[in-house]
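Colleague: Could you take me through one part of this model closely? I would like the sheet, strand by strand, and then the side chains that sit on it.

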Amino acid sequence: MRIVGDIPNPYCKITIFKTTSRFSVKFEQGNFEQTFKFRIGDAINNLHDVKTIITEDFIQQVLEHFETMGNIKKQAFNNYMKDFLDEFDTII
């Protein structure tokens, strides 16, 4: 797999990779990442085709999913900490 391009965006890093059979578009924001894979030949044959598919609407939906991912992580961590803190005696 090799990097063949990127898409500039102020809110996340977007990198496009290529293998012999597919393009992968990886979105990174902080500690989160999302990857979308497109098989070569499914109306996608080159980098231009990939960039055409990754519209502003597509990117906006990815950014919204990053927010959801952050909320899921925060909730899981808060649940863990609640259980962890319940193990200690209450100090008055």
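Modeller: Here is the sheet, followed by one serine and a group of aromatic rings. Keep in mind that the model is predicted.

Start with the overall layout. The sheet is open and has 4 strands, in the order E1-E2-E3-E4, with antiparallel pairing. E1 and E4 (32–39) stand at the edges. Each has a single partner strand, so one side of each lacks a neighbour in the sheet. On average, neighbouring strands are turned by 25° against each other, direction ignored.

Now the pairings. E1 covers residues 2–7 and E2 covers residues 13–18. They run antiparallel, and 5 bridges join them. The connection is a hairpin through 5 residues. Within this pairing, Ile-3 stands opposite Phe-17 of E2.

E2 also pairs with E3, residues 22–29. Here there are 6 bridges, and the two strands again run antiparallel. E2 and E3 form a hairpin too, with 3 residues between them. Across this pairing, Lys-13 faces a residue of E3: it stands opposite Glu-28.

Stay on E3 for the side chains. In a regular strand, side chains alternate between the two faces of the sheet.

Take Ser-24, which lies in strand E3. Its relative accessibility is 3%, and buried means under 20%, so Ser-24 counts as buried. Its side chain makes a polar contact of 3.4 Å with the side chain of Arg-22. Leaving out residues up to four places away in sequence, Ser-24 touches Thr-15, Ile-16 and Phe-17, and also Thr-35, Phe-36 and Lys-37.

Next, the rings. The structure holds 4 aromatic pairs. One of them is Phe-27 with Phe-36, in an edge-to-face arrangement. The centres are 5.8 Å apart, with 90° between the planes. Phe-27 is buried, at a relative accessible area of 0%. Phe-36 is partly exposed, at 29%.

Phe-27 has another ring partner, Phe-58. This pair is stacked: 6.0 Å centre to centre, 20° between the planes. The pair links distant parts of the chain. Phe-27 belongs to strand E3, whereas Phe-58 belongs to helix H2 (residues 56–85), and the two residues are 31 apart.

Put the ring pairs together and Phe-27, Phe-36 and Phe-58 form a cluster. Phe-27 takes part in both pairs described here, edge-to-face with Phe-36 and stacked with Phe-58. Phe-36 also appears among the residues that Ser-24 touches.

Note on methods
Residues numbered from 1 in each chain as written. Predicted model: local features only at pLDDT ≥ 70, side-chain atom pairs only at ≥ 80, totals over all residues. Heavy atoms only, no water. Pairing = 2+ DSSP bridges. Axes fitted to C-alpha atoms, helices over the stretch in contact; angles between N-to-C directions. Buried < 20%, exposed > 50% of the residue type's maximum accessible area, 1.4 Å probe, protein only. Polar contact = N/O pair within 3.5 Å; in protein donor to acceptor, adjacent residues only side chain to side chain. Contact = heavy atoms within 4.5 Å. Phe/Tyr/Trp six-rings, centres within 6.5 Å; stacked < 30°, edge-to-face > 60°.
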